[in-house]
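I opened this notebook to keep track of what I looked up, entry by entry, for someone meeting the structure for the first time.

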Amino acid sequence: MQYISTRGDRSPKHFCDILLEGLAPDGGLYLPEHYPQVDDATLSRWRSVYQHQGYAELAFEVLSLYIDDIPAADLKALCRKTYTAEVFGSPEIVPLRPLENGIWLEALSNGPTLAFKDMAMQLLGNLFEYELARRGEELNILGATSGDTGSAAEYAMRGKRGVRVFMTSPQGRMSPFQQAQMFSLMDDNIFNIAVDGVFDDCQDMVKAVSNDLDFKRRYKIGTVNSINWARLLAQVVYYFAGYFQATKTQAPTLGAGASSLPPEGAVSPWGGAAAQHNTEKVSFTVPSGNFGNVCAGHVARMMGLPIARLVVATNENDVLDEFFKTGVYRVRSSADTHETSSPSMDISKASNFERFVFDLLGRDGARTKALFGDALARVGFFDLEAHPAFSRAASHYGFDSGKSTHADRLATIKDLYVRHGMMIDTHTADGVKVAREHVQAGVPMIVLETALPIKFAATIVEATGREPDRPARFNGIEALPKRVVAMSADAQAIKTFIASHCS
Ligand SMILES: *Cc1c(COP(=O)(O)O)cnc(C)c1O
């Protein structure tokens with residue numbers, strides 16, 4: 001499998017070449033030159049692999065279609081080392097639980113930092129360590145986070161040989177729990193940098209450094225932001241796992257609409273007549289910011305996973321909802337980026353969106369470059385409404401969208417707590433709110449649970465009057481000593497900082 005850039009550069013690259021890179025040299029994002037097709041028989045085999053051998057083996061099946069420069073035995077060992085019940089809290093790794101009326105929650109947030117980003121980042125940490133050792137090289141990871149990426153990256157990379165992490169975050173914008181998670185790490189290879197600005201200022205600093213090819217080469221700068229293809233690929237796996245769980249007991253012999261929800265904790269015989277043929281479709285609603293999570297769903301769907309709809313849920317920062325409703329992609333300025341109670345979705349431009357638009361435009365690299373490299377830089381928006389491709393976003397690629405506000409978030413969290421005694425986090429609440437508006441009879445709707453409520457406790461208390469549960473290992477972390485450096489939103493400042501810590 002070779003990888004190409006969304007902006008037209010077709011010089012062939014393999015997985016491990018792009019693993020340690022961020023943007024392609026032409027400023028585009030990497031995508032596989034084609035999406036491997038998963039036929040019905042393979043889907044059935046994967047269902048059985050997940051059921052009988054577990055998530056790590058399923059991950060190996062998916063990854064090995066895209067990675068041909070790591071020996072199979074090594075790749076399998078990396079998957080097994082990553083996806084364990086000890087690290088992710090259950091043998092299913094991403095257990096599905098019923099919520100209401102055809103809506104399910106897929107738990108992606110039981111890893112080390114309690115957000116879905118651990119799903120990809122834990123694998124990335126092991127891939128980086130493996131590849132750097134193989135090459136005898138070092139890597140300096142430069143990242144931007146609004147909270148969850150940074151902690152997931154730091155917990156994945158702490159103590160790893162050959163890797164340093166320089167993580168920028170917007171000063172004072174993360175929740176106290178998130179700040180404590182990151183800033184309490186004392187590992188020598190972890191550097192926290194609090195930037196005077198918003199998330200997009202941090203992301204711009206990272207991009208500016210990555211675009212300085214000399215500096216990038218000299219200091220071996222890599223990234224773990226969601227533009228990294230390996231992260232996106234790791235996320236593709238749980239769309240398959242979600243599908244297999246949602247369709248496992250819905251064989252036609254049970255009768256349509258029969259109570260097909262297994263009791264909590266039940267070990268049910270997976271499969272059945274319908275499962276043999278994977279005729280059922282499911283839909284996903286994905287709380288979205290940088291479009292990384294839902295882009296993995298797009299990849300799964302392109303591979304042939306029977307996904308009816310991919311519903312993009314945004315908060316008040318509705319760049320993506322606006323695009324799917326109108327065809328206009330209009331990035332916001334920092335000043336127009338709202339600070340919300342689902343802060344990990346507070347973005348003004350969605351850095352992975354270019355990947356989808358590249359596919360939408362029939363993989364026309366020149367056109368993609370004209371939109372993202374030119375129009376956005378010049379006028380801050382582009383409009384595809386009149387383009388014939390735009391209608392295919394829904395009809396051909398299954399995309400739909402919706403938006404949720406602070407009031408919606410509070411109402412949804414309170415409603416689920418009062419009626420079911422269940423607490424969900426603010427981002428997942430945006431997903432549930434939008435999923436309720438898009439659920440179709442007979443099609444399971446899976447909402448991706450992107451974080452646990454304890455990470456955003458203040459809003460949960462506002463909605464329910466109660467403090468969310470806290471896993472014991474996080475007791476008292478807010479009181480721990482903090483290790484963080486303050487910096488202005490200036491690419492030169494961070495270059496100087498990196499240079500001074502790399503000798
Ligand atoms: C990162 C994050 C999101 C947004 O995911 P994208 O891949 O950027 O679209 C949503 N919810 C939570 C809790 C997150 O950490």
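Entry 1, the second largest cavity. I began with the classes of its lining residues, and in this predicted model the lining of the second largest cavity has 3 nonpolar, 7 polar and 1 charged residues. I then noted which residues these are: G22, L23, Q203, V206, K207, S210, T223, N225, S226, I227 and S351 line this cavity, whose volume comes to about 90 Å³.

Entry 2, the largest cavity. The structure holds 2 cavities of 30 Å³ or more, and I turned next to the largest, which has a volume of about 290 Å³. Its lining counts 27 residues, and those closest to its centre are F116, K117, G289, N290 and S344. I sorted the lining by class and found 9 nonpolar, 15 polar and 3 charged residues. I also asked which helices contribute, and wrote down that α7, α9 (199-211), α11 (229-246) and α13 each supply at least two residues of this lining, with the largest share, 3 residues, coming from α13.

Entry 3, strand β14. Is this strand buried or exposed? I found that 5 of the 5 residues of β14 (residues 445-449) are buried, so the strand is largely enclosed by the rest of the structure. M445, V447 and E449 point one way from the strand while I446 and L448 point the other way, and all are buried. For its partners, I recorded that β4 and β14 pair in the parallel sense over 5 bridges, and that β9 is joined to β14 by 3 bridges, again running parallel. I446 turned up in both pairings, as the bridge partner of W104 and as the bridge partner of F284.

Entry 4, two residues with positive phi. I looked up L114, where phi is near 65°, a positive value in a residue other than glycine; L114 lies in the loop between β4 (103-107) and α6 (117-135), and it is buried with a relative accessible area of 1%. I then looked up F291, which is not a glycine either and has a positive phi of about 70°. F291 lies in the loop between β9 (282-287) and α13 (292-303) and is buried, its relative accessible area being 1%.

Entry 5, salt bridges. Side chains of opposite charge can pair when their charged atoms come close, and I found 33 salt bridges in a search of the whole structure. One of them joins the side chains of R164 and E138, at 3.6 Å from N to O. This pair links distant parts of the chain, with R164 in strand β6 (residues 163-170) and E138 in the loop between α6 and β5 (139-144), 26 residues apart. I noted that R164 is buried at a relative accessible area of 18%, whereas E138 is partly exposed at 45%.

I next took R158 and D187, whose closest N and O atoms are 3.2 Å apart in a salt bridge. Because R158 lies in the loop between α7 (148-157) and β6, and D187 in the loop between α8 (176-183) and β7 (190-196), the pair ties together parts that are 29 residues apart in sequence. R158 counts as partly exposed, at 37% relative accessibility.

I closed with R363 and D359, which form a salt bridge with closest N and O atoms 2.8 Å apart, D359 counting as buried at 4% relative accessibility. I also wrote down a network of salt bridges that links D318, E322, R330, R332 and K403.

Terms used
Residues numbered from 1 in each chain as written. Predicted model: local features only at pLDDT ≥ 70, side-chain atom pairs only at ≥ 80, totals over all residues. Heavy atoms only, no water. Buried < 20%, exposed > 50% of the residue type's maximum accessible area, 1.4 Å probe, protein only. Salt bridge = Lys/Arg side-chain N within 4 Å of Asp/Glu carboxyl O. Pairing = 2+ DSSP bridges. 1 Å grid on protein atoms, 1.4 Å probe; cavity = no way out; pocket = protein on both sides within 12 Å on 5 of 7 lines; lining within 4 Å. Points joined across faces, edges and corners; volume = space filled by probe spheres on them. Nonpolar A, V, L, I, M, F, W, Y, C, P; charged D, E, K, R; others polar.
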